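Student: Could you take me through one part of this model in close-up, strand by strand? I would like to understand how it is put together and what surrounds it.

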Amino acid sequence: MSVNDLFKQELKVVNLGLKSFYSDLKSQGVTTVQVNWKPKAGGKKNMLSLLSKINKVKQS
Amino acid sequence: MTIQTSIKKNAYYDSVTLMLLSRQLQELAGVEDVLVGMGTDLNLDLAKDLGLATGEFDTLTPNDLFIAAKIDEAQISMKAVEDAFNAYLNKNAESDSDEDYQPTSLSSAIQALPGANMVLVSVPGQYAAAEVEDALDAGLHVMLFSDNVPVEDELRLKQKAVEKGLLMMGPDCGTAIINGIPLCFANAVRRGKIGVVGASGTGTQEVTVQIHKLGEGLSQVIGTGGRDLKEQIGGLMMIQGFESLIADPETELIVLISKPPDPSVAEKIYQIAKSSPKPVVIDFIGGDRAAIEAAGAIPCISLEDAAQKAVKVLRGREYEDFTGFSLPEEQIEQVVEKEAAKLKSDQTELRALFTGGTLADEAMKLLGDHYEIYSNIPLSPEMAIENLPEGRGHICLDLGEDEFTRGRPHPMIDPQTRTEFFESHVDEKTAVILVDVVLGFGSYKDPAGAVADSVREIRQRLSTQGRDVVVIASVCGTELDSQDLNKSIATLEAAGIIVLPSNAQAVRLTDKVMQRIKKGAGDVR
């Protein structure tokens, strides 16, 4: 969807991170979902890199 | 005093929540110092620097929460600190009062929200790029609020976004208004015909607020992140935003805001401006006026000037540089005389304490070469705050910079950092205090009240020496913001603070008072 198509649509927001941004959107009546986010693979760098490689292989 | 640690395995909370909780725990009697954070390398280093690290830290992962505290066990136990932490956390959860379904990944969130078209990312920087990449791959636009994202990742992600015709606003993008919806730190302004693309957060907020105050409104406000116009990124998102606004039928005029871009990037922007069928107003704060004019665009001398010119051109009116005040000049002169008369002859120094970086930068540029202003964002390297001679001289600080926000929230979210600087940096030599008060979504619930409280304390402190101080503020906000512009102005004025309608005017008044002092207005009472 191009930027100009976005301008014509209702904004629907996925929020990853600070909960206050989600609360602000909700208070304005914006359709939004908060992701209960935490670092993948326990945030361990070597595991993250491995995961990323696996995902790339999957995609290809 | 003992240093104690409490660890909760696999309990993730966002950094702002934890920094605010740290501050609350700090207030407990018997707690000398405390740090609450996730076990990231950044937080572990900070705990070590603060002398709060213990052996247990070796087992922490970024998914583990720690509370590290230096406590006086005669007054408080670690158990009591933990209990207080849990109580604050539960209170926060209650005030959110939502038990909405929260998917655990971006992909499940996209499934849960049919028609999702924007992803806001504010997770820690080292994890952000992977999430943004997934969002772009799924065809969604992105606003990336996180900082500490490597520039190589920014380039790769923006190239992907451009390829797919998507927005990738950021990293470190603090403000945007898409389809009338303010995102992250943005003010409540009316919708209208002016589109903005901005690489500077509070600069963009100031322009949108001024446009609103002048009676016009915004079609779209696109943030790019501060590095977008550097050579490495090549202005990818400013160009993407600019071209989108040219193609947008709701936008009749376009405003571009940035610190001076790399010349190669500026040239690309000028080429698009030359062929734009819509008028283009450019504030490259302190940028090349002649080059902007040569591109057929309208150059500006301040953020307020950009808003003024945009509104005048939109209304088909003549325009010129706005160098004055909204109030009649004679009224301003009366204020200058009255305020300068409050000061003793040895009160000569400026203390400009900003929460908005662009506003601090604009202040120094408007005050110009005839002041030697020391800063953490200096206009030239020799004016770095470290070079301040024996603590004496004019100071202008951007308190939102990294060195002041390590382990604590940005001063727009929590006024504590500036409160402390009011205490430590304002003394008997201070003549003028200049501040910004930024309202809007994301900002603290009552920033004007916090400034007013600090100013009352300063006046109380100085009065013991028979002294007073001049305090000048501008409020970046509207009557539609939850903090309310008019209420904020009234709060500041009740504390004897002179409130001007824009940052540029506040800086100009500061200049006039400082010049008046130079001429010798002190000790006149």
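Tutor: Happy to. One criterion first, since we will be talking about partners throughout: two strands count as paired if DSSP finds at least two bridges between them. Please also keep in mind that this is a predicted model.

With that in hand, let's look at the open sheet of six strands in chain B. Its order is β15-β16-β14-β17-β18-β19, and the pairing is parallel. At the two edges stand β15 (373-375) and β19 (498-500) of chain B; each has a single partner strand, so one side of each is left without a neighbour in the sheet. From one strand to the next, the twist averages 20 degrees.

A good place to settle in is β17(B), together with the strands on either side of it. Strand β14 (residues 349-354) of chain B runs parallel to β17 (residues 430-438) of chain B, and five bridges join the two. You can follow this pairing residue by residue. E349(B) stands opposite T430(B) in β17(B), L350(B) has V432(B) as its bridge partner, and R351(B) is matched with I433(B).

Now cross β17(B) to its other neighbour. Here seven bridges link β17(B) to β18(B), and these strands also run parallel. I433(B) is a handy residue to click on, as it turns up again: its bridge partner in β18(B) is V471(B). So what links R351(B) with β17(B)? Once more it is I433(B), the bridge partner of R351(B). Reading across the sheet from β14(B), then, R351(B) is paired with I433(B), and I433(B) with V471(B).

How does the chain get from β17(B) to β18(B)? The two strands and helix α16 (residues 447-463) of chain B make a right-handed β-α-β unit.

Going the opposite way from β14(B), we meet β16(B). Four bridges join β14(B) to β16(B), again with the strands running parallel. Within this pairing, A352(B) stands opposite C396(B) in β16(B).

Next, look at where the side chains go. In a regular strand, side chains alternate between the two faces of the sheet. β14(B) illustrates this nicely: E349(B), R351(B) and L353(B) point one way, while L350(B), A352(B) and F354(B) point the other way. Are these residues buried or exposed? All of them are buried, and that takes in E349(B) and R351(B) as well as the residues with nonpolar side chains. The strand as a whole is mostly covered, with six of its six residues buried. β17(B) is mostly covered too: nine of its nine residues are buried.

What, then, packs on this sheet? Two helices of chain B are worth displaying. Helix α15 (residues 416-425) of chain B lies across β14, β16 (394-398) and β17 of chain B, and runs at about 175 degrees to β17(B). Helix α7 (residues 201-213) of chain B also packs on the sheet, touching β17 and β18 (470-476) of chain B. The direction of α7 makes about 80 degrees with that of β18(B).

Finally, let's connect the sheet to the nonpolar interior. In soluble globular proteins, nonpolar side chains tend to be buried together. The largest nonpolar core here has 148 residues, and those with the most contacts inside it are L25(B), I194(B), V255(B) and I472(B). V255(B) gives you a feel for the surroundings: leaving aside residues up to four places away in sequence, it touches I194(B), G195(B), V196(B), V197(B), V207(B), V281(B), A306(B) and A310(B). There is also a second, separate core of 30 residues, which includes L353(B), L439(B), V451(B) and A495(B). L353(B) brings us back to β14(B), where this residue points the way that E349(B) and R351(B) do.

To retrace the route on your screen, begin with the strand order, step along the pairs of β14(B) and β17(B), cross to β18(B) through I433(B) and V471(B), and then turn on helices α15(B) and α7(B).

Terms used. Residues numbered from 1 in each chain as written. Chains lettered and ligands numbered in written order. Predicted model: local features only at pLDDT ≥ 70, side-chain atom pairs only at ≥ 80, totals over all residues. Heavy atoms only, no water. Axes fitted to C-alpha atoms, helices over the stretch in contact; angles between N-to-C directions. Contact = heavy atoms within 4.5 Å. Core = buried A, V, L, I, M, F, W, Y, C linked by side-chain atoms within 4.5 Å. Buried < 20%, exposed > 50% of the residue type's maximum accessible area, 1.4 Å probe, protein only. Right-handed = clockwise from strand over helix to strand, strands pointing away.
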